[in-house]
Amino acid sequence: MKVLGIDIGGSGIKGALVDSETGKMLTKRHRIPTPEGRKPKDMALVVAEIAKHFEHKGPIGVGFPTIIKGGVCKSPGNLHKKWLNLNVKELFSKATGLPVTVVNDADAAGYASMNYGVGKGKKGLVLMITIGTGLGSGAFLNGELIPNFELGQIPYKKYKKIELWAADSAKEREGLTYRQWGKRFNKFLSYIELIIAPDFIILGGGASKDFSEFESCLKIDTPVVPAQLKNHAGIIGAAAAAMR
Ligand code: BGC
């Protein structure tokens, strides 16, 4: 079935039509910058614009960059605080006039990698870490999603949450090289290794496509690999979530 997958991030909202059976993208990705202020109404308009761009009339799956429970935002992450406790599923369904499923963005990316990518068949505790405006995390125990893991929220030194120091946005903001940023990211991974002892870590999000630039900075014992689906994992996983 043709499903519209939409991956919502702090800097861009990306969509494509996906074959929900094979997990293959059927169209090119369409990207619209996330409106400044990251407010609900403005972002809903962009979601509607993406559905219109594809002339889509079927189900939509959305990967959303906050904790999501039953379609409701339970912590606004890096978005506007108006999102808190808002029913995102209802908002986007109204904006598009189509049935919408909403899940956390890193859970969506992880789901794609576990079903169609490098995580397929992997047992134990597998983590998808998405590197973007924030640090997202999707956790899978023997292939089953444990929703809304929020490892980027761990406080670090003067930072309220470690993602403010170690996400891709920190690299951009501070003009860090991949080497400088890679050391920070390795620190983040070393905390994760210590706290939850994962068996396998997959990296997604924008920065994952440049894995070779920072691979040598990663010194933890747990195997770390980039998602083969690269930045498309979010779109494909969001579409798959709509069919679950
Ligand atoms: C949010 C997460 C999200 C991550 C990546 C964080 O700020 O708390 O829910 O998965 O950003 O977008």
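The following conversation asks how statements about this predicted model and its two domains are reached.

Modeller: This is a predicted model, in which local features need pLDDT of at least 70 and side-chain atom pairs count only at pLDDT 80 or more, while totals for chains, interfaces and linings use all residues. Residues are numbered from 1 along each chain as its sequence is written, and side-chain values use heavy atoms, with hydrogens and water left out.

Colleague: How do you know where domain 1 and domain 2 lie in the protein chain?

Modeller: The bounds come from an automatic or database domain assignment, which gives 2-107 + 233-242 for domain 1 and 121-227 for domain 2. Taken over C-alpha atoms, the centres of domain 1 and domain 2 are 22 Å apart. Their contact (heavy atoms within 4.5 Å) takes 12 residues from domain 1 and 14 residues from domain 2.

Colleague: What makes up the area buried between domain 1 and domain 2?

Modeller: Buried area is the accessible area, found with a 1.4 Å probe, that two parts lose on being put together, summed over both; here that is about 940 Å², with 46% given by carbon and sulfur atoms. On the side of domain 1, Asn78, Ala106 and Asp107 supply 56% of what this domain buries against domain 2, more than any other three residues.

Colleague: How many salt bridges cross the interface of domain 1 and domain 2?

Modeller: A salt bridge needs a side-chain nitrogen of Lys or Arg within 4 Å of a carboxyl oxygen of Asp or Glu, and across this interface the rule finds zero.

Colleague: Why does the radius of gyration of the protein chain agree with that of a compact globule?

Modeller: The rule, 2.2 Å times the number of residues to the power 0.38, puts a compact globule of 244 residues near 18 Å, and the protein chain has 17 Å over its C-alpha atoms, so the two agree.
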